[in-house]
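The following exercises are to be worked with the sequence and the coordinates open side by side. Each task is followed by a solution that goes step by step.

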Amino acid sequence: MNMSDPILINVTEEIVRGLVSFLLRGPEYQTFCKCEICELDAVALTLNALPSKYVTSMESRDEAFKMMNTPENIERINKEIIHALHVVSKHPRHKAEPTSI
Ligand SMILES: [Zn+2]
């Protein structure tokens, strides 16, 4: 992809997806369901609680990413993710636990 090709990215989404996937692979969430439904529900819940940050070029994406990738902001986002993971684990959209790896 060319640096100047038009795109539409929510940088908040990119960061949240990365953090959720990182947290779910860590030791603290070993018992959390690893299925795609639960992971995406956690991402969606988190994103509904945070302001979106849309950009339309890779340059502005990199700029926005740098601006947002501060310890305070990541901590704020992690707080929302932890809340979302709690909600999803209490109310998973599927009945049984289909995947525990
Ligand atoms: Zn699940």
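**Exercise 1: Ser-21 and the conventions**

Ser-21 has a relative accessibility of 24% and therefore counts as partly exposed, given that buried means under 20% relative accessible area, exposed over 50% and partly exposed in between, with a 1.4 Å probe and protein chains only. The model is a predicted one, in which local features need pLDDT of at least 70 and side-chain atom pairs count only at pLDDT 80 or more, while totals for chains, interfaces and linings use all residues. Residues are numbered from 1 along each chain as its sequence is written, and side-chain values use heavy atoms, with hydrogens and water left out.

Task: State in which helix Ser-21 lies, and how far its C-alpha is from that of Lys-95.

Solution. Step one is the assignment: Ser-21 belongs to helix H1, where helices (H or I, at least four residues) and strands (E, at least two) are DSSP runs numbered from the N terminus. Step two is the distance: between the C-alpha atoms of Ser-21 and Lys-95, which are 74 residues apart in sequence, there are 22 Å.

**Exercise 2: The chain as a whole**

Task: Describe the order of the secondary structure elements, and then the extent and the surface of the protein chain.

Solution. Begin with the elements: the protein chain has four helices and two strands, and along the sequence they follow the pattern β-α-α-β-α-α. Next, take the box along the principal axes, which for the C-alpha atoms is roughly 45 × 30 × 25 Å. The accessible surface, from the Shrake-Rupley method with a 1.4 Å probe and, for residues, with only the protein chains shown counting as cover, is about 6900 Å², and 56% of this belongs to carbon and sulfur atoms. Of the 101 residues, 37% are buried. Finally, count contacts (heavy atoms within 4.5 Å): among those between residues at least 6 apart in sequence, 85% join residues at least 24 apart.

**Exercise 3: Helix H1 and Thr-12**

Task: Compare the span of H1 with its expected value, list its buried residues, and then characterise the surroundings of Thr-12.

Solution. The expected span of a helix is 1.5 Å times one less than its number of residues; H1, with 14 residues, reaches 20 Å from its first C-alpha to its last, close to the expected 20 Å. Its buried residues are Val-11, Thr-12, Ile-15, Val-16, Leu-19, Val-20, Leu-23 and Leu-24, and they pack against S1, H2, S2, H3 and H4.

Turn now to Thr-12, which has a relative accessible area of 2% and is therefore buried. At the start of H1, a side-chain oxygen of Asn-10 comes within 3.1 Å of the backbone nitrogen of Thr-12, and a polar atom of the Thr-12 side chain lies 3.0 Å from the backbone oxygen of Pro-51. Beyond its neighbours within four places in sequence, Thr-12 is in contact with Leu-47, Leu-50, Pro-51, Ser-52, Lys-53 and Met-68.

One of these partners, Lys-53, sits in the loop between H2 and S2 and, at a relative accessible area of 38%, is partly exposed. With residues up to four places away in sequence left out, Lys-53 touches Ile-9, Asn-10, Val-11, Thr-12, Ala-64 and Met-68.

**Exercise 4: Two faces of helix H3**

Task: Which residues of H3 are buried, which are exposed on the other side, and against what do the buried ones pack?

Solution. In H3 (residues 58-68), Arg-61, Ala-64 and Met-68 are buried. Seen down the helix axis, these residues fall within an arc of 70°, and so they line one face of H3; the arc is that of the directions from the helix axis to the C-beta atoms. On the other side, Glu-63, Lys-66 and Met-67 are exposed. The packing partners of the buried residues are strand S1 (9-10), H1, strand S2 (54-55) and H4.

**Exercise 5: Cysteines and helix H2**

Task: How many disulfides does the structure hold, and are Cys-35 and Cys-38 buried or exposed?

Solution. With a disulfide defined as a pair of cysteine sulfur atoms within 2.5 Å, the structure holds zero. Cys-35 is buried at 8% relative accessibility, and Cys-38 is buried at 1%. Cys-38 is among the buried residues of H2, which also include Glu-39 and Asp-41. The buried residues of H2 pack against H1 and helix H4 (71-90).

How values were computed:
A polar contact is a pair of N or O atoms within 3.5 Å; within protein, one must be able to donate a hydrogen and the other to accept it, and residues adjacent in sequence count only if both atoms are side-chain atoms.
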